[in-house]
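Q: Please take a close look at one part of this predicted model, namely the strand pairing, and set out what surrounds that part.

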Amino acid sequence: QLRNGGKEAIDLNGVNLLICKVENILYAYRNNCPCCGSDLSSGKLVGKVLSCSLGHCYNVTKAGKCLDRPEIYLDPFPLLSENGNIRIAL
């Protein structure tokens, strides 16, 4: 029951994930900033932009592309939401 514009860290079979809901679509990424290694759950989600606590910014809707270093992406996980159930491919 994640609200639109919200994020939540979860552990799924030992994999630390961050689930984000942007424009009523759910996205799943590894809960780790590829630039600095910090947990993304301690950062902010504003609109489509997810930032870590050190300020590295990623576009959640564009496969987690880094806004400052476009060659870097978040580590995405396929997510399917059906009838209130969520399935994530690890």
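A: In this predicted model, leucine 50 has tyrosine 58 in S6 as its bridge partner. The strands concerned are S5 (residues 49-51) and S6 (residues 57-59), which run antiparallel and are joined by 3 bridges. Both belong to an open sheet of 4 strands in the order S4-S5-S6-S7, again with antiparallel pairing. S4 and strand S7 (65-66) stand at the edges of that sheet; each has a single partner strand, so one side of each is left without a neighbour in the sheet.

The loop that leads into this sheet also deserves attention. Serine 38 lies between strand S3 (25-30) and strand S4 (44-46), in the loop that separates them. With a relative accessible area of 16%, serine 38 is buried, because the cut-off for that class is under 20%. Leaving aside residues up to four places away in sequence, serine 38 touches Asn31, Asn32, Cys33, Cys52 and Ser53.

On the other side of that loop, S3 takes part in another open sheet of 4 strands, ordered S1-S2-S3-S8 and paired in the antiparallel sense. Strand S1 (7-12) and strand S8 (76-77) are its edge strands, each pairing on one side only. Within this sheet, strand S2 (residues 15-22) pairs with S3 over 6 bridges, in the antiparallel sense. Lysine 21 is placed opposite leucine 26 of S3.

Lysine 21 and leucine 26 lead on to the largest pocket, since the list of its lining residues includes Lys21 and Leu26. The space in this pocket is about 280 Å³. Two or more lining residues are given by each of S1, S2 and strand S10 (85-88), and S10 provides the largest share, 3 residues. By class, the lining of the largest pocket comprises 6 nonpolar, 4 polar and 2 charged residues.

S10 is in turn paired with strand S9 (residues 79-82): the two run antiparallel and are joined by 4 bridges. Leucine 80 has arginine 87 in S10 as its bridge partner. The hairpin of S9 and S10 has 2 residues between the strands, and asparagine 83 in this hairpin takes a positive phi near 50 degrees.

Methods
Residues numbered from 1 in each chain as written. Predicted model: local features only at pLDDT ≥ 70, side-chain atom pairs only at ≥ 80, totals over all residues. Heavy atoms only, no water. Buried < 20%, exposed > 50% of the residue type's maximum accessible area, 1.4 Å probe, protein only. Contact = heavy atoms within 4.5 Å. Pairing = 2+ DSSP bridges. 1 Å grid on protein atoms, 1.4 Å probe; cavity = no way out; pocket = protein on both sides within 12 Å on 5 of 7 lines; lining within 4 Å. Points joined across faces, edges and corners; volume = space filled by probe spheres on them. Nonpolar A, V, L, I, M, F, W, Y, C, P; charged D, E, K, R; others polar.
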